[in-house]
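Colleague: Hi, could you walk me through this one? I'd like the overall picture and then a bit of detail.

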Amino acid sequence: MAQDRTLYERSHVFIKDRLPQTETRDGSLDEITGTITITTNDRGRFFRFLPKGIEDNVTDDWALVNNGQSVISFKNSKNENNTLIFSPNPLLKFRIHFNINTLRSIRRQHMLHGIANMVFALKDGTTFPTFYFNLGGSKELLDLLGQYLLLEKSPRDNRLYIVREEIPQESQPQPVSAYDQLNLFDNSNDLFKRIKGSDSRRTAIEKFSRVTHFFKDALLGQNDVITSGEHSEATIEPDITALMESFSEELRESNNDGFEVIYKVDFKKLPEVTRYPPLTKKEWEMCLDKDGRVIDVNKMKERIFRGGLESNELRSVVWKFLLNYYPWSSTSDERVELAKQKEAEYFAMKLQWKSMNEQQKQRNNLFRDRESLIDKDVIRTDRTHVYFQGDNNLHLEVLHDVLMTYNMFNFDLGYVQGMNDLLSPILIVMEDEVDAFWCFVGLMERMQQNFHMDQSHIKRQLGNLHTLLQFIDAELANYLAENNSSNMYFFFRWMLICFKREFSFEDVMYLWEVLWTDHPCENFELLVCLAILISQKTVIMESKFGCNEILKHINDLSLKVQLEPLLKHAEGLYILLKEHDQATPGLPPQISAIMFPNQNKNLKKSSRQDGHDSDSDATSTISSVKSSRGASPNPDVEHKPRTRHLTESHSIDENDSAVVSHTKKT
């Protein structure tokens with residue numbers, strides 16, 4: 001066994017994540033404290049984070065970690081008393097170990113009056129949780145890694161270090177891959193040499209078998225299987241091939257020839273955005289008249305957009321308005337009567353499926369398959385949250401009944417996996433079966449297009465995201481295109497269940513109520529997606545991530561993105577888009593149609609009344625913008641933007657501003 005020599009060790013380092021069985025009502029994350037060590041042996045140098053509470057049993061002959069929840073280990077005692085041990089420990093999920101040669105980037109943030117932290121990203125796109133150094137030591141760790149890796153500070157972000165290559169060590173043995181050890185080919189044979197290929201090709205072959213499963217997990221989450229029955233042909237999964245082909249075809253059709261008008265918008269300089277503390281119960285009550293009506297609906301929605309709601313108690317009231325259970329113009333007495341009526345309707349529908357016997361179910365295959373799928377999904381819905389913990393949990397039964405009743409209410413759509421994720425927070429907030437059902441109905445009115453089998457709405461939204469990104473950050477859009485990622489697949493799960501698995505429970509509820517206000521625009525969630533992606537631009541581009549690495553990196557951002565700065569960024573993007581839409585010559589029609597669809601419809605109507613069809617007069621083309629991969633110019637020096645034309649209608653702007661061509665057919 002290789003003998004480890006410790007090069008670095010630091011205790012009292014912690015990461016923030018959620019331990020199983022400790023989900024709290026406020027959605028706060030746990031601090032998992034442990035020790036970071038850097039060790040070296042004849043196999044290389046290794047980073048390890050060992051959470052406090054896990055014994056380092058290196059004497060075991062083998063150990064199998066079971067889904068990050070437990071470990072099964074075996075010790076050969078060379079006699080009949082060999083031991084097989086099952087050790088449940090949720091901390092195993094947070095044990096981290098990797099060869100430092102697999103590092104792609106390191107981000108170190110040191111605050112004058114705060115705790116320094118570091119984020120490590122690997123070459124395969126894996127991004128680990130942020131490590132917080134409670135007692136210092138981050139600089140020493142960075143310096144040590146710099147002795148063995150060639151670290152280059154990013155010209156865009158002085159906190160980010162890109163690993164360019166390993167510093168050569170003559171004494172270090174060259175690693176031999178498992179592929180080479182097989183000796184399948186005679187090296188003297190040129191044909192076999194060509195088949196065997198380069199190191200990078202062999203690495204790709206060795207890892208290829210993981211790709212299929214990874215794509216599925218990244219889109220829908222691990223262990224998520226969307227089926228409507230027991231047969232594989234009934235699977236309702238995203239048709240990846242069809243989506244990619246349709247996206248490619250749509251993008252190919254997006255270019256037109258003709259003269260161009262350049263729209264120049266600098267999205268790097270976002271305006272200041274003010275956000276407020278959450279709306280309180282007292283504020284809410286002050287906004288009601290003597291009959292219980294909301295005095296100023298737009299003002300109330302704006303207030304919720306700016307700060308969200310302070311508690312689940314207040315959410316249980318206000319969400320009913322946001323989700324159209326209660327009309328905004330209703331009085332207190334009218335809402336009492338409406339609630340009685342809705343309660344009767346609910347239990348009448350529930351009785352329909354409750355009273356079905358087995359013979360009736362056997363004659364209705366669709367109903368039976370949906371019931372089976374609901375049964376499977378409910379038992380694994382947010383089981384780490386305190387509301388759904390424990391065996392024979394009554395709240396899970398309510399979740400099941402609400403989904404079954406919705407299946408009867410909207411039988412054409414029925415139940416599709418992911419709906420359970422959307423219902424869960426509503427039930428936690430309402431703590432009432434009837435209220436949860438009707439609020440869920442309101443939410444599905446907003447989102448049911450996401451669950452259509454042809455996935456046309458999701459395809460359209462992902463296409464809109466690509467179009468917006470081309471306008472807002474053409475350099476990043478071009479990089480994604482060069483790496484076969486312009487289909488924006490890493491957004492699929494985000495869009496399908498509205499960020500449900502990307503943020504903590506509390507942040508998800510906050511984000512949802514912000515989006516439900518439809519302020520400042522109906523498609524604000526698209527700008528939220530872009531704000532997340534743009535925040536990762538430097539890491540993605542300077543780490544030279546390919547398609548799989550980008551997908552994995554974005555998927556690994558779950559629970560690692562701060563929501564408040566994200567909302568500010570997204571609103572800043574909206575303000576700039578709005579300003580330029582109202583200016584001359586305005587936004588290109590494609591962008592305006594995405595962000596301001598109602599305004600776009602009015603313009604079309606007005607144009608037709610004047611005897612013109614705006615759709616036939618002009619089309620807009622978003623230029624694919626490429627910028628130099630070299631160092632960015634000094635940000636303290638003002639540079640006059642220079643635009644040089646390449647081929648067709650493509651243009652390049654060296655200050656990375658959005659450049660859009662508006663093409664008019666002649």
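Modeller: Happy to. Accessible areas here come from the Shrake-Rupley method with a 1.4 Å probe, and for residues only the protein chains shown count as cover. This is a predicted model, where local features need pLDDT of at least 70, side-chain atom pairs count only at pLDDT 80 or more, and totals for chains, interfaces and linings use all residues. Residues are numbered from 1 along each chain as its sequence is written, and side-chain values use heavy atoms, leaving out hydrogens and water.

Colleague: Cool, so how much area does the protein chain expose?

Modeller: About 34400 Å², with carbon and sulfur atoms supplying 49% of that.

Colleague: And what share of the residues is buried?

Modeller: 48% of the 666 residues in the protein chain, where buried means under 20% relative accessible area.

Colleague: How many helices and strands are there?

Modeller: The protein chain has 26 helices and 17 strands. These are DSSP runs, helices being H or I with at least four residues and strands E with at least two, numbered from the N terminus.

Colleague: Let's zoom in. Why is strand 3 largely enclosed?

Modeller: Strand 3 covers residues 44-51, and seven of its eight residues are buried, so the rest of the structure largely encloses it.

Colleague: Which strands does it pair with?

Modeller: Strand 2 (residues 30-41) pairs with strand 3 in the antiparallel sense over eight bridges; pairing needs at least two DSSP bridges. Strand 7 (residues 96-99) also runs antiparallel to strand 3, joined by four bridges.

Colleague: What sits opposite F47 in strand 3?

Modeller: I38 does, while in strand 7 the bridge partner of F47 is F98.

Colleague: And how many residues lie between strand 2 and strand 3?

Modeller: Two, and the two strands form a hairpin.

Technical notes. Buried means under 20% relative accessible area, exposed over 50%, partly exposed in between (1.4 Å probe, protein chains only).
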